[in-house]
Amino acid sequence: MKEKAGLERWQIEYNKLKNYAITNNLRNLITALTLAVKYHKGQYRDGGEPYIIHPLMVCKTLLLLNVDKYLKKWYSQKSESWIKHQCDVLFAAAVLHDVIEDCNLPNKGREMVEVYHLDEEVWIIVAILSKPPKGQPYDSKEYFKGILKNWKATLIKLSDRANNCTTMQVFEESRRIKYIRETSEYIYPLC
């Protein structure tokens, strides 16, 4: 099927995810997609693409991993609706994983729950994945320990890093080296 002419790559990916969310009645993901576009509007990646493509691809990667099938296998006693809800929260948090850190939300992202009615767990996962604002103390070891305590945050961080590694050719060499070292030291253990 040929995509509509004139749509940017992010719009094509957005439409695919939105259709998936609507078809599967994933309430959190439907809202998260709208919020991600709103919050990341006007932001660009180092390579020049609209920033929104990154969270969309992080979510798409998790979707393509068929997490639902593994959850059915591992939690065979759980209902279909429980499994669907776990995936809805995971995918919504994936789409929003950078908004607290990068979008200057006034209430540390609490409006995602209080105004837009996302599940509290979506906000918790996004908060776990958010580094402190620049200029505040940051401990990589503690940050990644926190991620490791939450399986959804762990999967999102792995997908996030995988996507970032596909685009790091635009990084300056020193940043690439730092990124590769951080991947070896902190991301591999998450796997």
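Reader: Which element gives the most to the lining of the largest pocket?
Author: This is a predicted model. Three elements give two or more residues to that lining: α6 (99–102), α10 (151–166) and α11 (173–190). The top contributor gives eight residues, and that helix is α11.

Reader: Which residues lie nearest the centre of the largest pocket?
Author: The pocket has a volume of about 1100 Å³. Its lining counts 36 residues. Nearest the centre lie E101, K131, K134, R175 and Y179.

Reader: How many residues in the lining of the largest pocket are charged?
Author: Sort the lining by class. Nine residues are nonpolar and eleven are polar. The charged residues number 16.

Reader: Which elements give two or more residues to the lining of the second largest pocket?
Author: This pocket holds about 350 Å³ of space. Its lining includes I100, E101, N104, W123 and A127. K131, P132, P133 and Q136 are also among the lining residues. The elements asked for are α6 and α8 (120–129).

Reader: How many residues in the lining of the second largest pocket are nonpolar?
Author: Take the other classes and set them aside. Three residues are polar and three are charged. The nonpolar ones number six.

Reader: Is S159 buried or exposed?
Author: S159 sits in helix α10. Beyond its neighbours up to four places away in sequence, S159 touches M57, V58, T61 and L62. Its relative accessible area is 4%, and the cut-off for burial is under 20%, so S159 is buried.

Reader: What does H54 touch, leaving out residues up to four places away in sequence?
Author: H54 lies in helix α3 (residues 53–64). Its relative accessibility is 1%, so H54 counts as buried. The residues it touches are R45, H97, D98, D160, N163 and N164.

Reader: Where does the charged end of R45 sit?
Author: R45 is one of the residues that H54 touches. The charged end of R45 also has an aromatic partner. It lies 5.8 Å from the ring centre, over the ring of Y51.

Reader: Over which ring does the charged end of R110 sit?
Author: Look for a ring whose centre is 4.6 Å from that charged end. Its residue is also one of those lining the second largest pocket. The ring belongs to W123.

Reader: What is the angle between the planes of F144 and Y186?
Author: The structure holds eight aromatic pairs. F144 and Y186 form one that is stacked, 4.9 Å centre to centre. Stacked requires planes under 30 degrees apart. Here the angle is 5°.

Reader: How many residues apart are F144 and Y186?
Author: The pair links distant parts of the chain. F144 is in helix α9 (residues 140–148), while Y186 is in helix α11. Their separation in residues is 42.

Reader: Are F144 and Y186 buried or exposed?
Author: The cut-off for burial is under 20% relative accessible area. F144 has 4%, so F144 falls on the buried side. Y186 has 17% relative accessibility, so Y186 also counts as buried.

Reader: Which residues do ring pairs link into a cluster with F144 and Y186?
Author: The stacked pair of F144 and Y186 belongs to this picture. Ring pairs tie both of these residues into a cluster. The other members are Y138 and Y143.

Reader: Which residues is F91 in contact with, leaving aside neighbours within four places in sequence?
Author: F91 is placed in helix α5 (residues 80–96). At 3% relative accessibility, F91 counts as buried. Its contacts are Y20, L26, L29, C59, L62 and L63.

Reader: How far apart in space are F91 and E120?
Author: In sequence, 29 residues separate F91 and E120. The spatial distance runs C-alpha to C-alpha. That distance is 14 Å.

Reader: What is the phi of N66?
Author: Most residues other than glycine have a negative phi. N66 lies in the loop between α3 and α4 (67–74). N66 is partly exposed, with a relative accessible area of 31%. Its phi is positive, near 55°.

Reader: Is H117 buried or exposed?
Author: H117 is found in the loop between α7 (111–114) and α8. Its phi is positive too, near 65°. The relative accessible area is 54% and the cut-off is over 50%, so H117 is exposed.

Note on methods. Residues numbered from 1 in each chain as written. Predicted model: local features only at pLDDT ≥ 70, side-chain atom pairs only at ≥ 80, totals over all residues. Heavy atoms only, no water. 1 Å grid on protein atoms, 1.4 Å probe; cavity = no way out; pocket = protein on both sides within 12 Å on 5 of 7 lines; lining within 4 Å. Points joined across faces, edges and corners; volume = space filled by probe spheres on them. Helix = DSSP H or I, 4+ residues; strand = E, 2+ residues; numbered from the N terminus. Nonpolar A, V, L, I, M, F, W, Y, C, P; charged D, E, K, R; others polar. Buried < 20%, exposed > 50% of the residue type's maximum accessible area, 1.4 Å probe, protein only. Contact = heavy atoms within 4.5 Å. Phe/Tyr/Trp six-rings, centres within 6.5 Å; stacked < 30°, edge-to-face > 60°. Lys NZ or Arg CZ within 6 Å of the ring centre and 35° of its normal.
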